[in-house]
Amino acid sequence: MTTLAHDRYCDEIDHQVGLLRAVVTSGADLSATVPTCPDWSLEQLVRHTGEALRWVELMVRTRAEKEIPEETVPGAQGPDAQGDPAALDAWLAETGDLLVGTLREAGPDTAVWSWAGIPTAGFWARRMTHELTIHRADATLAAGLPYEVAPEIAADAIDEWLEIVQWAQRTIPDDPARELHRPGASIHLHATDPTPGVDAEWFVDLGGEAIVWRRGHEKATVALRGSLTDVLLAFYRRLPLDAPELEVLGERVLLEFWLERATFG
């Protein structure tokens with residue numbers, strides 16, 4: 001499946017970090033519970049996201065050949081001061097600059113350890129784009145702020161998740177994704193808003209040992225319809241299926257079955 005250009009991912013990481021910083025400095029309660037990640041406060045979510053970015057930056061910069069323990073990454077824990085939006089914002093700004101600079105310098109083909117069978121800096125540029133895309137949604141929900149994302153980024157986030165589900169089914173014996181095999185069953189995702197230049201529909205066939213999917217409009221066992229952003233959020237379990245923005249047609253239980261087992265993100 002075609003991905004976006006490496007520079008586009010780098011640009012988007014920079015953009016998403018800026019949007020996450022805007023949440024931090026919006027006056028939102030940093031101690032508020034994140035509804036979609038209820039074990040975390042907003043501040044803990046932001047620190048977790050920044051930690052992931054710092055971890056990836058170190059691995060790409062050092063051309064790591066094996067996983068680096070996250071607890072050994074300098075500066076990954078964030079500022080000492082708790083509940084200080086200015087300190088958190090400054091740390092995020094520095095984190096984003098470090099990662100984007102390192103990814104641009106490395107280019108997409110530089111060899112770097114990864115966990116999904118694509119050991120390149122390009123894998124990490126894409127992965128961190130969508131780490132930010134989804135966790136910024138978590139942050140905006142906690143802060144009660146609106147959420148938008150560029151159509152090509154939302155569509156690529158769905159592509160990436162489907163690719164990771166395929167990888168997990170083929171590679172990890174005890175992963176819940178292995179249970180997604182359902183002969184004759186399929187899922188259709190259908191973005192109903194205009195998305196110029198983006199084919200924002202997906203067909204996912206659950207009949208094989210690993211899912212098979214493609215972009216396009218096809219009849220399926222169950223269909224999920226809504227704006228591309230809402231379909232993305234529902235598919236990542238950030239928006240409940242009974243939300244008024246969504247429409248589920250066909251065997252809803254199959255979609256629920258998918259969402260319970262395709263737990264990445």
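This passage describes the nonpolar cores, a central helix of the larger core and the open sheet of a predicted model. Residues are numbered from 1 along each chain as its sequence is written. In this predicted model, local features need pLDDT of at least 70 and side-chain atom pairs count only at pLDDT 80 or more, while totals for chains, interfaces and linings use all residues, and side-chain values use heavy atoms, without hydrogens and water.

The largest nonpolar core (buried Ala, Val, Leu, Ile, Met, Phe, Trp, Tyr and Cys residues joined through side-chain atoms within 4.5 Å; buried means under 20% relative accessible area with a 1.4 Å probe, protein chains only) has 45 residues, and Ile 158, Leu 162 and Trp 258 are among those with the most contacts inside it. Of the elements (DSSP runs numbered from the N terminus, helices being H or I of at least four residues and strands E of at least two), α5 gives the most to this core, with nine residues. Trp 258 is in contact (heavy atoms within 4.5 Å) with residues including Leu 162, Ile 187 and Phe 235, its neighbours within four places in sequence being left aside.

Because 16 of the 21 residues of α5 are buried, this helix is largely enclosed by the rest of the structure.

The open sheet has five strands in the order β5-β4-β3-β6-β7, with mixed pairing (at least two DSSP bridges between two strands). The edge strands, β5 (212–215) and β7 (247–250), each pair on one side only. Within the sheet, β3 and β4 run antiparallel and are joined by five bridges, and His 190 stands opposite Glu 201 in β4.

Terms used
Buried means under 20% relative accessible area, exposed over 50%, partly exposed in between (1.4 Å probe, protein chains only).
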